[in-house]
Amino acid sequence: MIILGVDPGTATTGYGLINKEGQKHTLIKYGCVLTPAKTPLCDRLDAIFDELSEIIDEYKPEHIAVEELFFAANSKTAIAVGQARGVILLAGKKKGLAVHEYTPLEVKMALTGYGRADKNQIQQMVKTLLGLKEIPKPDDAADALAIAICHANTFRPEA
């Protein structure tokens, strides 16, 4: 099963593709969709949609796992990230993927068994579970891989 994990953002949207076979997770690709500062929001959302659609077309994942919105103190940022989440979910749905959403707590629990794990603990688990020599950079890509692993570890197909 190929899973696309996505860490939403308007300036930086992290993505990570993994393959799950049995209990083994294998890295396929990771990276970020970057949109320049001062680019109009509509153009940023369009770029995120188009780039993720291209990734889906190229790698053919069956599932997309997206982090749910974490409400920050800055409501303007939260709204923009929510809009990015919307186009990410739409890209997955339009391409026929099974769409799944996970809270930061669910991701932490799935990777470490501890809901208050810090960013470094999560990144170390991503490195370990995927058998990597280094923690993936930037952080947004590592977070996206964590979301994909969370889905791989928690999803149970319906019988």
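How many salt bridges does a search of the whole structure find? Four, counting a side-chain nitrogen of Lys or Arg within 4 Å of a carboxyl oxygen of Asp or Glu as a salt bridge. Here are my notes on this and the rest of the fold.

1. Before you start: this is a predicted model, where local features need pLDDT of at least 70, side-chain atom pairs count only at pLDDT 80 or more, and totals for chains, interfaces and linings use all residues. Residues are numbered from 1 along each chain as its sequence is written, and side-chain values use heavy atoms, with hydrogens and water left out.

2. Now have a look at one of those salt bridges. Glu-101 pairs up with Arg-85, and their closest N and O atoms are 2.2 Å apart. The two come from distant parts of the chain, 16 residues apart: Glu-101 sits in strand β5 and Arg-85 in helix α2. (Helices, H or I of at least four residues, and strands, E of at least two, are DSSP runs numbered from the N terminus.)

3. Next, the sheet. It's an open one with five strands in the order β3-β2-β1-β4-β5, and the pairing is mixed; two strands pair if DSSP finds at least two bridges between them. At the edges you'll find β3 (24-34) and β5 (98-102), each pairing on one side only. From one strand to the next, the twist averages 20°.

4. Zoom in on one edge. β3 and strand β2 (residues 12-21) run antiparallel and share ten bridges. If you want a spot to click on, Thr-13 stands opposite Val-33 in β3.

5. Helix α2 (residues 75-94) lies across β1 (2-7), β2, β4 (63-67) and β5, running at about 170° to β4. Axes here are lines fitted to C-alpha atoms, for helices over the stretch in contact, and angles run from 0 to 180 degrees between N-to-C directions.

6. Then there's α3 (residues 104-112) against α5 (residues 139-154): the angle is about 70° and the axes are 9 Å apart. So α3 is roughly perpendicular to α5 (65 to 115 degrees; under 35 is roughly parallel, over 145 roughly antiparallel and the rest oblique). The contact (heavy atoms within 4.5 Å) involves Glu-106, Val-107, Ala-110 and Leu-111 of α3, and Ala-146, Ile-147, Ile-149, Cys-150, Asn-153 and Thr-154 of α5.

7. α3 also packs on α4 (residues 119-129), at about 50° with axes 10 Å apart, which means α3 is oblique to α4. Lys-108, Leu-111 and Thr-112 in α3 meet Gln-121, Ile-122, Met-125, Val-126 and Leu-129 in α4.

8. α4 and α5 meet too: their axes come within 9 Å and cross at roughly 65°, so the two are roughly perpendicular to each other. On the α4 side, the contact includes Ile-122 and Val-126; on the α5 side, Ala-146 and Ile-149 are among the residues involved.

9. Two backbone oddities are worth a look. Most residues other than glycine have a negative phi, and most peptide bonds are trans. Lys-38 isn't a glycine, yet has a positive phi of about 70°; you'll find Lys-38 in the loop between β3 and α1 (41-59). The other oddity is a cis peptide bond joining Lys-137 and Pro-138, with omega about -5°. Pro-138 is in the loop between α4 and α5.
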